[in-house]
Amino acid sequence: MKTHKVVRIRVSCGELILAQSHQVIKATGEKRDRNFPNISETIELGEYPINTAVRGIREEIGLSIDTERFNLIGLSEVKSSPSTGEIKQYLFWDYSLELTPDEAEKITFETNEGEVITYFEWRQQ
């Protein structure tokens with residue numbers, strides 16, 4: 001079984017948490033509900049998890065954040081893929097990141113990457 005190495009970042013600002021609400025497949029217009037309370041990013045070959053976290057925040061919501069601002073909690077779990085339902089081994093590095101109100105106002109709520117558009121929204125914790 002292949003292990004998928006993934007960083008998840010829980011982004012908050014005060015009482016709000018940033019959630020990945022849904023994705024739209026560009027080719028078909030199909031909407032996939034996500035409702036993930038984090039930003040997730042696959043670790044690239046040779047990349048350190050903390051660098052993946054920094055890259056994920058920059059790519060997904062358009063902010064450049066120093067590594068010292070991230071707090072780490074790690075875990076491993078086996079679960080079904082939310083897309084295909086098949087069982088896969090995931091190794092997660094979980095980080096939390098608290099944004100300032102100024103940073104929260106600057107984030108991008110829509111990310112257009114590859115075949116999908118991903119949408120984010122603030123929710124109450």
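The following paragraphs describe the overall fold, the nonpolar core and two individual residues of a predicted model.

The protein comprises 2 helices and 8 strands, and from the N terminus on these elements are arranged in the order β-β-β-β-α-β-β-α-β-β. Its radius of gyration is 14 Å, close to the 14 Å given by the globule rule for 125 residues, so the protein is as compact as a globular protein of that length. The C-alpha trace spans about 40 × 35 × 25 Å along its principal axes. Among contacts between residues at least 6 apart in sequence, 62% join residues at least 24 apart.

With respect to solvent accessibility, 40% of the 125 residues count as buried, while the protein as a whole exposes about 7,400 Å², of which carbon and sulfur atoms supply 49%. The charged side chains number 15 positive and 21 negative, and the centres of these two sets are 5 Å apart.

The largest nonpolar core contains 20 residues, and those with the most contacts inside this core are Ile9, Ile39, Ile57, Ile61, Phe70 and Leu99. Two or more residues are given to this core by each of strand E1 (3-13), helix H1 (49-61) and strand E6 (87-98). For Leu99, when residues up to four places away in sequence are not counted, the contacts comprise Val11, Ser12, Cys13, Leu63, Ile65, Arg69, Ala104, Ile107 and Trp122.

Two further residues, Ser21 and Asn35, are linked by a contact and may be considered together. Ser21 belongs to strand E2, which covers residues 16-25, whereas Asn35 is placed in strand E3, which covers residues 31-36. Ser21 counts as buried because its relative accessibility is 7%, a value under the 20% that sets the limit for burial. Asn35, by contrast, has a relative accessible area of 45% and is therefore partly exposed, since this class lies between the 20% limit for buried residues and the 50% limit for exposed ones. Besides Asn35, and again without counting residues up to four places away in sequence, Ser21 touches Asp33, Arg34, Tyr119, Phe120, Glu121 and Arg123. The backbone of Asn35 is also noted for its phi angle, which is near 50° and thus has a positive value in a residue other than glycine.

Note on methods. Residues numbered from 1 in each chain as written. Predicted model: local features only at pLDDT ≥ 70, side-chain atom pairs only at ≥ 80, totals over all residues. Heavy atoms only, no water. Helix = DSSP H or I, 4+ residues; strand = E, 2+ residues; numbered from the N terminus. Buried < 20%, exposed > 50% of the residue type's maximum accessible area, 1.4 Å probe, protein only. Contact = heavy atoms within 4.5 Å. Core = buried A, V, L, I, M, F, W, Y, C linked by side-chain atoms within 4.5 Å. Rg over C-alpha atoms; globule rule 2.2 N^0.38 Å. Areas by Shrake-Rupley, 256 points an atom, 1.4 Å probe, with all protein chains shown as cover. Lys, Arg positive; Asp, Glu negative; His and termini not counted. Charge placed at Lys NZ, Arg CZ, Asp CG, Glu CD.
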